[in-house]
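Here is a short report on a structure with a ligand and packed helices. Look it over before reading on.

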Amino acid sequence: MSAPRYQTPLRYPGGKQRLANFFEELLKANPLTGGDYAEPYAGGAGIALELLRKNAVARVHLNDASRAIFAFWDSVLNHTESLVDLIQNATLSIKEWRMQREILRRESEFDLLSVGFAFFYLNRCNRSGIPNGGVIGGLRQTGKWKIDARFNKSELVRRIEVIASWKSRISLTQFDAEIFIKDRLPKLPATSLVYLDPPYYVQGNRLYLHHYAPEDHKRVAALVQTSIQQPWVISYDTAPAILRLYATQPKRITYGLQYSAGQAYRGREVMIFSEHLNVPKTSRVASMNRSLSQLTRRVRERSTMACQAP
Ligand SMILES: C[S@@+](CC[C@H](N)C(=O)[O-])C[C@H]1O[C@@H](n2cnc3c(N)ncnc32)[C@H](O)[C@@H]1O
């Protein structure tokens, strides 16, 4: 697979952009190409944006409960010039990092643009993009990689401007996923595809600002399986509790995944499909697995370059 020309500007632990090819095949196999596509847990929205770029879908509906993530996407779409200015003039220093971290910690006191930029700044300057991951290079900046290692201003601005040019095809909301499923999804066409990527059962509380307790996963499982009218796909870590919650869904794929999130994390993920979805044949699925092994290889290469890959 050639490297995608476009990438989400966010670094996301477990970001799924590399599965976009598989989703394109899934859309073709059903056929849902050219329709709407919704992500109740959008995060870095890697797949959605890649599907838009390829015109595999007409419109994407991005939702995330995190105000910081919403603020970032809102800034990209609705305050593009101001966000670009902030990025171009950003000072990459520990003093500035501390200031941006403070804004994120007290986000309710700040406007969406300030919070969106602070989230982006920490996402690009922290190890693996984790909000609480610590700054690349450490506070004393003695590591091989420094705070600016992942902050290529012109490339990041380019990605943001490309996404902003698709504004009319992107709808953005900040609901709890359960509200989005109950209130928003019924308003979308029956031919939409819904992809749910909730926080992991096991690692979720370490990786994201918002995460779930076991009873939340249980409630979501019931809601997804009883109330979503459109075809849906959900991906998770293969925790036994998750496999039990979706035990009656026979269509599923498990695949290996390894990515760096502070420490290299090896795991298996499961993708579960709603009953009437045609899942692409295994040869096609192999391309998804290739994407995943490329991801694995890339992360391995990175982590051998420095003891703390940024
Ligand atoms: C696994 S990440 C999604 C990653 C995304 N698929 C990507 O490729 O970047 C899970 C996301 O769900 C969001 N989230 C957590 N709890 C939520 C909730 N109750 N409702 C909506 N979003 C939630 C988190 O903020 C996080 O961005």
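At roughly what angle do the axes of helix α4 and helix α7 cross? They cross at roughly 170 degrees and come within 10 Å. Here α4 covers residues 80–88 and α7 covers residues 153–164. That makes α4 roughly antiparallel to α7 (over 145 degrees).

The model is predicted: local features need pLDDT of at least 70, side-chain atom pairs count only at pLDDT 80 or more, and totals for chains, interfaces and linings use all residues. Residues are numbered from 1 along each chain as its sequence is written, and side-chain values use heavy atoms, with hydrogens and water left out.

**Helix packing**

Helices are DSSP runs (H or I, at least four residues), numbered from the N terminus. Axes are lines fitted to C-alpha atoms over the stretch in contact, and angles run from 0 to 180 degrees between N-to-C directions. In α4, Thr80, Leu83, Val84, Ile87 and Gln88 make the contact (heavy atoms within 4.5 Å). Their partners in α7 are Lys153, Val157, Ile160, Glu161 and Ala164. This contact has six nonpolar, two polar and two charged residues.

Helix α3 (residues 67–78) packs against helix α6 (residues 112–125) at about 105 degrees, with the axes 7 Å apart. The two are therefore roughly perpendicular (65 to 115 degrees). Phe70 and Phe72 of α3 are among the contact residues, as are Phe119 and Phe120 of α6. By class, the contact holds ten nonpolar, two polar and two charged residues.

**The ligand**

Of the 22 residues around the ligand (a heavy atom within 4 Å), Tyr12, Lys16, Asp64, Ala177 and Asp197 come nearest. The shell divides into 13 nonpolar, five polar and four charged residues. The table lists polar contacts (N or O pairs within 3.5 Å).

| Ligand atom | Protein partner | Distance |
|---|---|---|
| oxygen | Lys16, polar backbone atom | 2.8 Å |
| nitrogen | Asp176, side-chain N or O atom | 3.0 Å |
| nitrogen | Ala177, polar backbone atom | 2.8 Å |

Taken alone, the ligand exposes 610 Å² (Shrake-Rupley method, 1.4 Å probe). The protein buries 98% of that.

Technical notes:
A polar contact is a pair of N or O atoms within 3.5 Å; within protein, one must be able to donate a hydrogen and the other to accept it, and residues adjacent in sequence count only if both atoms are side-chain atoms. Ala, Val, Leu, Ile, Met, Phe, Trp, Tyr, Cys and Pro count as nonpolar, Asp, Glu, Lys and Arg as charged, and the others, Gly among them, as polar. Angles under 35 degrees count as roughly parallel, over 145 as roughly antiparallel, 65 to 115 as roughly perpendicular and the rest as oblique.
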